[in-house]
Amino acid sequence: MMKFISLGSGSSGNSYYLSTGSTSILIDAGVALRTMVRQFRELGIDADSLDAVFITHDHADHIKSVGNLANDYGRTVYATRPVHEGINRNYCVSSKLTPDHTQYVEKGVTVTIGDMNITPFPVPHDSSDCVGYRIEAHGLTFCLITDVGKVTPEIEAEVERANYLVLEANHDEDMLSMGPYPGYLKARIRSGKGHLSNKEAAHLLCEKATPRLSHVWLCHLSEENNHPELARKTVETILRGYGIVPGVDFQLDILKRKQASEVYELSPN
């Protein structure tokens with residue numbers, strides 16, 4: 001069995017915890033370290049038990065605590081070389097990573113940490129580089145795909161593999177169009193290196209979800225251009241149009257922007 005917790009999911013900070021009991025990792029470290037440590041304490045998790053930190057990309061809401069986490073707790077940070085270079089350039093990372101805490105990953109190459117096999121894969125986004133992660137352990141496959149400019153064949157293949165899936169549903173297209181963002185920012189979000197909309201996430205699930213998929217969490221919802229119930233309703237409506245019934249074919253949940261989720265216990269199908 002694996003445990004999954006979202007510590008925060010959105011532009012204020014993203015961080016996700018996975019544990020098999022013997023191995024524990026963090027994907028992204030965009031939540032303030034003090035908040036993260038408090039969340040761990042409230043959840044009965046020892047922050048010293050983390051075995052590694054994996055980073056998707058080098059935007060501030062995914063990395064702002066990574067230096068402090070690595071240096072204060074002596075944890076190795078895994079990311080692609082361009083992402084590591086971006087981390088060390090980023091003004092928001094006040095405590096820079098040392099070589100001792102730096103480990104490079106390559107897309108498509110699996111890293112084994114304890115009883116987890118972690119494989120990065122390419123995700124289009126306007127950062128120095130961006131990856132999603134597939135985590136395999138004890139017969140189950142967990143996949144995290146966030147900050148997605150557009151759906152690619154690699155992303156489709158990962159959705160087809162997944163038993164458990166964290167997928168970006170960043171914005172409602174109408175809210176973005178009518179909202180207060182300046183034109184250049186709206187264009188950036190809609191671009192092939194921006195973010196995935198509710199409808200795009202729904203259609204990806206309709207086309208690529210398989211019977212092995214047990215649970216989907218929608219992540220990285222925009223505070224200005226989306227709403228949790230709107231995201232849920234949009235995705236559920238499109239799924240039902242394809243004959244897929246959330247709660248029957250797979251569970252569907254929305255991850256909170258600024259609060260930890262419940263502890264989800266994942267088991268093989």
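This is a dialogue about the strands, salt bridges and pockets of a predicted model.

Trainee: Why is strand 12 called largely enclosed?

Mentor: Strand 12 covers residues 215-219, and 5 of its 5 residues are buried, so the rest of the structure largely encloses it. Buried here means under 20% relative accessible area.

Trainee: How do you know that both faces of strand 12 are covered?

Mentor: In a regular strand, side chains alternate between the two faces of the sheet. His215, Trp217 and Cys219 lie on one side of strand 12, Val216 and Leu218 lie on the other, and all are buried.

Trainee: What makes strand 11 and strand 12 a pair?

Mentor: Pairing needs at least two bridges. Strand 11 (residues 164-168) and strand 12 have 5 bridges, in the parallel sense, so they count as paired. Leu167 stands opposite Leu218 of strand 12.

Trainee: Which strand does strand 12 pair with over 4 bridges?

Mentor: That is strand 13 (residues 251-254), and the sense is parallel. Here Val216 stands opposite Leu252 in strand 13. Strand 12, helix 9 and strand 13 together make a β-α-β unit, and it is right-handed.

Trainee: Why is the contact between Glu158 and Arg134 called a salt bridge?

Mentor: The cut-off is a side-chain nitrogen of Lys or Arg within 4 Å of a carboxyl oxygen of Asp or Glu. The N to O distance between the side chains of Glu158 and Arg134 is 2.7 Å, so the pair meets the cut-off. The two residues are 24 residues apart and link distant parts of the chain, with Glu158 in helix 5 (residues 153-161) and Arg134 in strand 9 (residues 131-137).

Trainee: Are Glu158 and Arg134 buried or exposed?

Mentor: Glu158 has 3% relative accessibility, so it counts as buried. Arg134 has a relative accessible area of 11%, so it is buried too.

Trainee: Which salt bridge does Glu158 form within helix 5?

Mentor: Glu158 forms one with Arg161, with the closest N and O atoms 2.8 Å apart. Both residues lie in helix 5, 3 residues apart, about one turn of the helix. Arg161 has a relative accessible area of 38%, so it is called partly exposed.

Trainee: What makes Arg232 and Glu229 a salt bridge?

Mentor: Their N to O distance is 4.0 Å, and the cut-off is within 4 Å. The two are separated by about one helical turn because they are 3 residues apart in helix 9. Glu229 is at 47% relative accessibility, so it counts as partly exposed.

Trainee: Which residues are joined into one network by salt bridges that share partners?

Mentor: Arg134, Glu136, Glu158 and Arg161 are joined in this way. The whole structure has 10 salt bridges.

Trainee: How much space lies in the largest pocket, and which residues are closest to its centre?

Mentor: The largest pocket holds about 210 Å³ of space. It is lined by 18 residues, and those closest to its centre are Ser11, Asn170, Arg188, His195 and His220. Helix 7 (residues 183-190) supplies the largest share of the lining, 3 residues. By class, the lining has 4 nonpolar, 9 polar and 5 charged residues.

Trainee: What lines the second largest pocket?

Mentor: Its lining includes Leu221, Glu229, Arg232 and Gln259. Helix 9 (residues 228-241) gives the most, with 3 residues. The volume of the second largest pocket is about 160 Å³. Its lining has 4 nonpolar, 1 polar and 6 charged residues.

Terms used: Residues are numbered from 1 along each chain as its sequence is written. This is a predicted model: local features need pLDDT of at least 70, side-chain atom pairs count only at pLDDT 80 or more; totals for chains, interfaces and linings use all residues. Side-chain values use heavy atoms; hydrogens and water are left out. On a 1 Å grid over the protein atoms alone, a cavity is a set of points where a 1.4 Å probe fits but cannot get out, and a pocket is an open set with protein on both sides within 12 Å along at least five of seven lines; lining residues have an atom within 4 Å of a point. Grid points are joined across faces, edges and corners, and a volume is the space filled by probe spheres set on the points. Ala, Val, Leu, Ile, Met, Phe, Trp, Tyr, Cys and Pro count as nonpolar, Asp, Glu, Lys and Arg as charged, and the others, Gly among them, as polar. Buried means under 20% relative accessible area, exposed over 50%, partly exposed in between (1.4 Å probe, protein chains only). A crossover is right-handed if, with the strands pointing away from the viewer, the path from the first strand over the helix to the second runs clockwise.
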